[in-house]
Structure formats: C-alpha cells, structure tokens
Amino acid sequence: MKHKINYLGFLSLLAFIAILGWTTKNTGLYGFFGFAYYLRYFWVIPDEFFLLNVQKAATSAFMAEMISLVPFMFVCSYIYGSIKAVPTAFGLSFAVSIFTFSAVLIILEAKERKGAACQND
C-alpha cells in the first residue's frame, strides 16, 4: 500500500522563518511560528473529503484576501501615507487570508469529526 503525502504539512516549513527572526532580532517574523500547526497534517491521510475541505477553506481564504485588500489599502494610506501603505496592506490581507484558511479548515474538520462520531453511536 502506497502512503500518500499530505502536501498541506509542508506549510509547517514556513515556521523556520521565525528562527531567522530570532537570529536577526526581527520580532516581526515571530508570527511565522504559527505555521508549525500544519505539522500535524503529515499524519493525515488526504482522502477526497479532506481535499474538498481544503478546497473550501482555500476558496474562503482567497475571497477574504481579495475583499480585505481594498479596505486595508485605504486605512493604511490614511495611517502610514502612500509609501508604506501598499506593503502593509498586502501583509495584512495575507495575514487575514492565512487566518481565514486555518479557521475554516478547523471548523470543517470539527464538523467532520462530529458527523463521524454520530455515525459510530
């Protein structure tokens, strides 16, 4: 039996960027430690329902990023001026996207676990 690799686990490699923040004393990179959560997906077998949940979470994350980018652009240009507004707005919308993806995936997995528990009773 061939073991399938769950590629979602490779997102945990982004946690190494936080180590770079520790060595360079850039505390802004410590947020990348949050990607260590995805390490657990190396032990999840990617079946069709899991892939559907990932697709739903990715779609929600993409829409959240696209919708949040414009308001962040206006707010950041008001707060920081036009020079620093663009990278800050893109960074914030990326953070919203990652948070949305993680939250939706956790919710969908909890619903799947709850449904599986009800069928076993």
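Two residues are in contact here if they have heavy atoms within 4.5 Å of each other. With that in hand, I5 is a handy place to start in this predicted model. Once its neighbours within four places in sequence are set aside, I5 touches F10 and P46. The residue belongs to the segment before α1. Its relative accessibility is 46%, so I5 counts as partly exposed, because that label covers values between 20% and 50%. A58 sits 53 residues away from I5 along the chain, and 19 Å separates their C-alpha atoms.

Next comes the question of how far the model can be trusted. The average pLDDT of the protein is 90, and 93% of the residues reach at least 70. Among the elements, helix α2, covering residues 48-80, has the highest mean, at 95. The lowest mean belongs to helix α3, residues 82-120, with 89. As a rule of thumb, coordinates predicted with low pLDDT should not be read in detail.

On to the inside of the protein. The largest nonpolar core is made of 10 residues: L8, F35, Y38, Y41, F50, V54, A57, A61, F101 and L105. Two elements, α2 and α3, each supply two or more of them. Helix α2 is the biggest giver, with four residues. To be part of such a core a residue has to be buried, which means under 20% relative accessible area.

Y41, one of the core residues, makes a good case to look at up close. Leaving out neighbours within four places in sequence, Y41 is in contact with N6, L8, G9, F50, L105 and E109. Among these partners, L8, F50 and L105 are also listed in the largest nonpolar core.

Then there is the largest pocket, which holds about 200 Å³ of space. Its lining is formed by G28, G31, F32, F35, G91, L92, F94, A95 and I98. Sorted by class, that makes six nonpolar residues, three polar ones and no charged ones. The polar share may look odd at first, but glycine is counted as polar here, and G28, G31 and G91 are all in the lining. F35 turns up twice in this story, as part of the pocket lining and as a member of the largest nonpolar core.

A few residues outside the core round off the picture. K25 sits in the loop between α1 (16-24) and α2. Its phi is near 65°, a positive value in a residue that is not glycine. With 68% relative accessibility, K25 counts as exposed, because the cut-off for that label is over 50%.

Helix α2 contains both Q55 and M66. Q55 has a relative accessible area of 52%, so it is exposed, whereas M66, at 40%, counts as partly exposed. From Q55 to A15 it is 40 residues in sequence and 23 Å in space, C-alpha to C-alpha. M66 and V96 are 30 residues apart along the chain, with 9.9 Å between their C-alpha atoms.

Finally, R113 is part of helix α3. It has a relative accessibility of 52% and therefore counts as exposed. Between R113 and F94 there are 19 residue steps in sequence and 29 Å from C-alpha to C-alpha. F94 has already come up, as one of the residues lining the largest pocket.

Technical notes: Residues numbered from 1 in each chain as written. Predicted model: local features only at pLDDT ≥ 70, side-chain atom pairs only at ≥ 80, totals over all residues. Heavy atoms only, no water. 1 Å grid on protein atoms, 1.4 Å probe; cavity = no way out; pocket = protein on both sides within 12 Å on 5 of 7 lines; lining within 4 Å. Points joined across faces, edges and corners; volume = space filled by probe spheres on them. pLDDT = per-residue confidence, 0-100. Core = buried A, V, L, I, M, F, W, Y, C linked by side-chain atoms within 4.5 Å. Buried < 20%, exposed > 50% of the residue type's maximum accessible area, 1.4 Å probe, protein only.
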